[in-house]
Amino acid sequence: MKIKPVSLICCVLLIVFSCNRNKSRQHVPILEVSTDTIEAVEKKDTLITDSKLTFEEAIDGTKAPQHIINQLELFDVVYLSTDGKIHQGQILSNKKIADDIRHMFNFMLENNFVIAKAIPIVRYNWSDSLSMDDNNTYSFCYRNISYSRHAHGMAIDINPRFNPLRWKNVNRPNQPEGAVLDTTVNGTLHPGHVVVKEFRRMGFRWGHTFSKYWDDHHFEKR
């Protein structure tokens, strides 16, 4: 299958008119997309919806105390998915980084960076392992409260199966298990990637810099 170097507007028109095009996740060219175009895309009823929860549904079953729940915000995001089509998902994160994450999703869309899916982790019964295995991008999950920034919604994991956690000094399986890093696949991060640079410019720490492992899907803020 060969890449069709089309613009985002053409991509939206293809969706509207239900024209099927072969897409590849690899070596996708960068698109130039304006904010106006992104807003227009968000209004299309032809968007493929991956998640449409209410806030109450998104926090259902969490063990987080009320003072943390009060810090959270649920919002829609739009992205190019692995099927070459535009999808709408949701992110539940801390209000302190909500605007940053909105910016990053717009930035990733502008740069034709693939997001497999973005669904609040409640849909995975609050299991980080199940979410990672499904290549899901998410932020808040009340777990490992002594050290995890996810417990306060101050971190986000991007395409965990494309960007697995890899151990530096011990022989342990990648997480999610069976995932292999392949930087030729669109949606995969690496040092010098424009998405990594933009996250860092926004003040996020990248998990690639952790001491015990390369947690390439993880970005967090203090």
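In what order do the three strands of the open sheet stand, and what is the pairing? I opened the notebook with this point, keeping in mind that the model is predicted. I found the open sheet in the order β1-β3-β2, with pairing that is mixed. At its edges I noted β1 (48-49) and β2 (72-80), each of which pairs on one side only.

I then followed the contact between β2 and β3 (residues 86-94), where I read nine bridges and an antiparallel run. Within this contact I looked up Val78, and it stands opposite Gln88 in β3. As a reminder to myself, strands of a sheet pair through backbone hydrogen bonds, either parallel or antiparallel.

Next entry: aromatic rings. I listed the aromatic pairs and the structure holds seven of them. For Trp206 and Phe219 I took down ring centres 6.1 Å apart and planes at 10 degrees, and because planes under 30 degrees apart count as stacked, I entered this pair as stacked. Trp206 belongs to strand β8 (residues 205-206) and Phe219 to strand β10 (residues 218-220), so the pair ties together parts that are 13 residues apart in sequence. I checked the accessibility of both Trp206 and Phe219 and wrote them down as buried.

I set a second pair, Phe210 and Tyr213, beside that one: the centres are 6.1 Å apart here too, but the planes stand at 75 degrees, and the pair is edge-to-face. Is Phe210 buried or exposed? I recorded a relative accessibility of 11% for Phe210, which therefore counts as buried, the cut-off being under 20%. Its partner Tyr213 has a relative accessible area of 21%, and I entered Tyr213 as partly exposed. I also traced how ring pairs link up, and found that they join Phe199, Phe204, Trp206 and Phe219 into a cluster.

Next entry: charges over rings. I found Arg102 over the face of Phe75, at 4.5 Å from the ring centre, and Arg172 over the face of Trp167, at 4.4 Å from the ring centre.

Last entry: cavities. I counted two cavities of 30 Å³ or more, and I looked further into the second largest, in which about 40 Å³ of space lies. Which residues line the second largest cavity? I wrote down Ala58, Leu92, Pro120, Ile121, Trp126, Tyr138, Ser139 and Phe140. Sorting this lining by class, I obtained seven nonpolar residues, one polar residue and no charged residues. Leu92 in this lining falls within the residue range 86-94 of strand β3, which took me back to the sheet of my opening entry.

Key
Residues are numbered from 1 along each chain as its sequence is written. This is a predicted model: local features need pLDDT of at least 70, side-chain atom pairs count only at pLDDT 80 or more; totals for chains, interfaces and linings use all residues. Side-chain values use heavy atoms; hydrogens and water are left out. On a 1 Å grid over the protein atoms alone, a cavity is a set of points where a 1.4 Å probe fits but cannot get out, and a pocket is an open set with protein on both sides within 12 Å along at least five of seven lines; lining residues have an atom within 4 Å of a point. Grid points are joined across faces, edges and corners, and a volume is the space filled by probe spheres set on the points. Ala, Val, Leu, Ile, Met, Phe, Trp, Tyr, Cys and Pro count as nonpolar, Asp, Glu, Lys and Arg as charged, and the others, Gly among them, as polar. Rings of Phe, Tyr and Trp (its six-membered ring) pair if their centres lie within 6.5 Å; planes under 30 degrees apart count as stacked, over 60 as edge-to-face and the rest as tilted. Helices (H or I, at least four residues) and strands (E, at least two) are DSSP runs, numbered from the N terminus. Buried means under 20% relative accessible area, exposed over 50%, partly exposed in between (1.4 Å probe, protein chains only). A charge sits over a ring if NZ of Lys or CZ of Arg is within 6 Å of the ring centre and within 35 degrees of the ring normal. Two strands pair if DSSP finds at least two bridges between them.
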